[in-house]
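User: I would like to learn how to read an interface and its charged pairs in a model of this kind. Could we go through the features one at a time, with the general idea before the particular case?

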Amino acid sequence: MRWRRLSLGEQLQFVASVLVPPRFTPERVRYDRRYRTIDKYRFVAWFLLLPLVFYAIFVISPFLQAIWYSFTDWTGGATANFVGLDNYTKLWSDEKFWDSLVTSLTLLVIAPVVTLALGIFFAYMITAGGRHRRNQAISGVVGSSFYKVVYFFPQVLSIAIIAVIWQRVFSSRSGLLNGVLGGVGLEGAEQSWLGGDYKLALGATLVVLSWSFVGFYVVLFSAAMGAIPNDIYEAALLDGAGRATTFFKVTLPLIWDTVRTGWIYMGIQALDAFAVTLIMVPKHALKVTPVYLYNKFQEGQLGYATAIGVVLLVLSMVFSLLVMRVGRRERIEY
Amino acid sequence: MSAQVQVAPDGADSPRGAGSSGVEGERPAHGRVLNVFSHAFLVVWVVMAAGPLLWVVITAFRSSGEILGDPMGFPTSLQWENFTNAWLDANIGKYALNSLIILAGSLTGTMLLGAMAAYVIARFTFPGNRAVFLLFAGGMMFPIILALVPLFTIMDNLSLLDTRPGLIVAYIAYSLPFTTFFLTSFFQTLPSGVQEAAQIDGASHVRTFFQVMLPMAKPGLVSIGIFNFLGQWNQYLLPLLLNNENESSYVLPQGLATLAISQGYGGDWGALFAGLTIAMVPVLVVYIVFQRQVQAGLTAGALK
């Protein structure tokens, strides 16, 4: 029966049955041939409602508002005047912002390289560093799962707790690092690591970032390496390839997709570095851009703070695209 | 891609570890040198990764005076009062309880809402299906820090600032994108025959979901559940922004970060190390017990 031919009462029943639980569906609708479709859409709508509402209010709308507020002089009150690109021109000539940006970009460039290199190295050692065995082209080291378990420790801890631990490790008077240096007779190398020197603070931040993510990449890359079929290694071995050749000509190209994804992921972590620097590093030693944003937020310069956020968003997108572009290779199926 | 993630960690060492007698190959000398080197490097990183954590646990049993005198030493007598000081005076017990309460609400909510959305997106065709999926997937790419400032005012306007429900809701909302994304691909891999059979037997859509499809999706739910458990338990940025008003409602990472600053003035370093140990050890123990699932769950995040 056509929708238009139904009486008003019947139309109301159809509409109502989308809104009520199935058991309250009117008889008229339940035995209609369109009931299956109605039942499906009713289910879809109800199941999507709550997730979508939460997501729209607390995730989508803040992101959109942030972009809008970055063009205003908003300070938290009810009024926010549109000021065009004022915040961005102010950023352009803000020396403290540039200082923070240089720090963040340094981390963005160095941290992924160091972390991924260590991750790949250890993963290869674990999957292929064992002694040659009969009938095995490559073999893992003894205790490979032990290494992976221990390397992964930092990854299950809160970044805030990691930052507090390393603040203690770097402490000049009662820190582990100076203690170890003194213990092996290198008193001369003892430093006040987080005392205010920029380079030392940058180095310390890099160490902590890499330290907390190396284990993650070891697990990720050894999983990717484990997925490479053994016959490929056997073929390489028969052709006389050594370990290094096998690594650069076989392993690395075959896990390249995972490496690239990992590179982007690590870059975004390094660009953030918020908790580590906020908790561990004294303010006067070094400041990354997200911490600078947070300071502006605390000072109540909300429009300005969101403009910094937009710059960070653009930077992370440019970085991702760049890595995708630079790292593009022909995909190898196996 | 997600299928590969679940299989790979187990497959990584099993095919080669089995059935070998340790007989040397054709280049023994070369192999042995490399072998020694590779083991040495691997052991060095074990010390690097576990050393600082072990140091924290050992130092937690020393008195503040000993710690300042020599950071490297072993405890002369076990200072258990460090732990009672941390638990009671430094409020670590309270922070842990706050974290637990928040997590109980947020993890349940995340899993339920994420599974509901993912199931509908994966198994039903309707106009806008693709758009809803992309909306969730897109949320994974934005840095949370960009949303910070407006999120603060939204929470303030809804009177959710500095409240537990507010923090729970924020955790759920920011966990939804990845949870939905991950579970959507998981629900897509489940066979459709079972769902149809349940429908033919007269089960409603809701009942099919809770009694048939959810139990079938258990491996995926476990992976993403662990991912969310650790992510929410360890969350620092959201509580810093939305739960910063009174110290008694802090969650664990937040409380420890504050403690690290205040102990610097107070001088009770023993309590700080004990607090770190209390926060660290249970998570590490749980991880060691469920290592395979945790590793699979957390690395799944990078292969999105």
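**Reading the interface and the salt bridges**

Analyst: Across the interface of chain A and chain B, in what is a predicted model, the rule finds eleven residue pairs in polar contact, both partners having pLDDT 80 or more. By contrast, the rule finds zero salt bridges across that interface.

User: Which helix of chain A gives the largest share of the side that touches chain B?

Analyst: Helix H3 of chain A, residues 35–69, gives the largest share, with 22 residues. By class, the side of chain A that touches chain B is made up of 69 nonpolar, 25 polar and ten charged residues.

User: How should the size of an interface be expressed, and what is the area buried between chain A and chain B?

Analyst: Interface size is often given as the accessible area that is lost when the parts come together. Here about 9,600 Å² is buried between chain A and chain B, and carbon and sulfur atoms give 77% of that area. Of the area that chain A buries against chain B, A:Phe47, A:Phe58 and A:Phe63 supply 8%, more than any other three residues. In terms of residues, the contact takes 104 from chain A and 102 from chain B.

User: Where in chain B does pLDDT stay under 50?

Analyst: Where pLDDT is low, the predicted coordinates should not be read in detail. In chain B, pLDDT stays under 50 over residues 1–27, for which the model has 48 contacts beyond four places in sequence. Chain B as a whole averages a pLDDT of 81, with 86% of the residues scoring at least 70.

User: How many salt bridges does the structure hold over all chains, and how should I read them?

Analyst: Side chains of opposite charge can pair when their charged atoms come close. Over all chains the structure holds three salt bridges. One of them joins A:Arg42 and A:Asp39 at 2.9 Å, N to O, and both residues lie in helix H3 of chain A, three residues apart, about one turn of the helix.

User: Are A:Arg42 and A:Asp39 buried or exposed?

Analyst: A:Arg42 counts as buried because its relative accessibility is 3%, and A:Asp39 is likewise buried, at 17%, the cut-off being under 20%.

User: What of A:Asp257 and A:Arg260?

Analyst: Their side chains meet in a salt bridge at 3.7 Å, N to O, and both residues lie in helix H12 of chain A, residues 256–272. A:Asp257 counts as partly exposed at 23%, whereas A:Arg260 counts as buried at 15%.

User: And which accessibility classes hold for A:Glu299 and A:Lys296?

Analyst: A:Glu299 is exposed, with a relative accessible area of 52%, while A:Lys296 is buried, at 11%; their side chains meet in a salt bridge at 3.2 Å, N to O.

Terms used. Residues are numbered from 1 along each chain as its sequence is written. Chains are lettered from A and ligands numbered from 1 in the order in which they are written. Side-chain values use heavy atoms; hydrogens and water are left out. Contact means heavy atoms within 4.5 Å. Buried area is the accessible area (1.4 Å probe) that two parts lose on being put together, summed over both. A salt bridge is a side-chain nitrogen of Lys or Arg within 4 Å of a carboxyl oxygen of Asp or Glu. A polar contact is a pair of N or O atoms within 3.5 Å; within protein, one must be able to donate a hydrogen and the other to accept it, and residues adjacent in sequence count only if both atoms are side-chain atoms. Helices (H or I, at least four residues) and strands (E, at least two) are DSSP runs, numbered from the N terminus. Ala, Val, Leu, Ile, Met, Phe, Trp, Tyr, Cys and Pro count as nonpolar, Asp, Glu, Lys and Arg as charged, and the others, Gly among them, as polar. pLDDT is the predictor's confidence in each residue, from 0 to 100. Buried means under 20% relative accessible area, exposed over 50%, partly exposed in between (1.4 Å probe, protein chains only).
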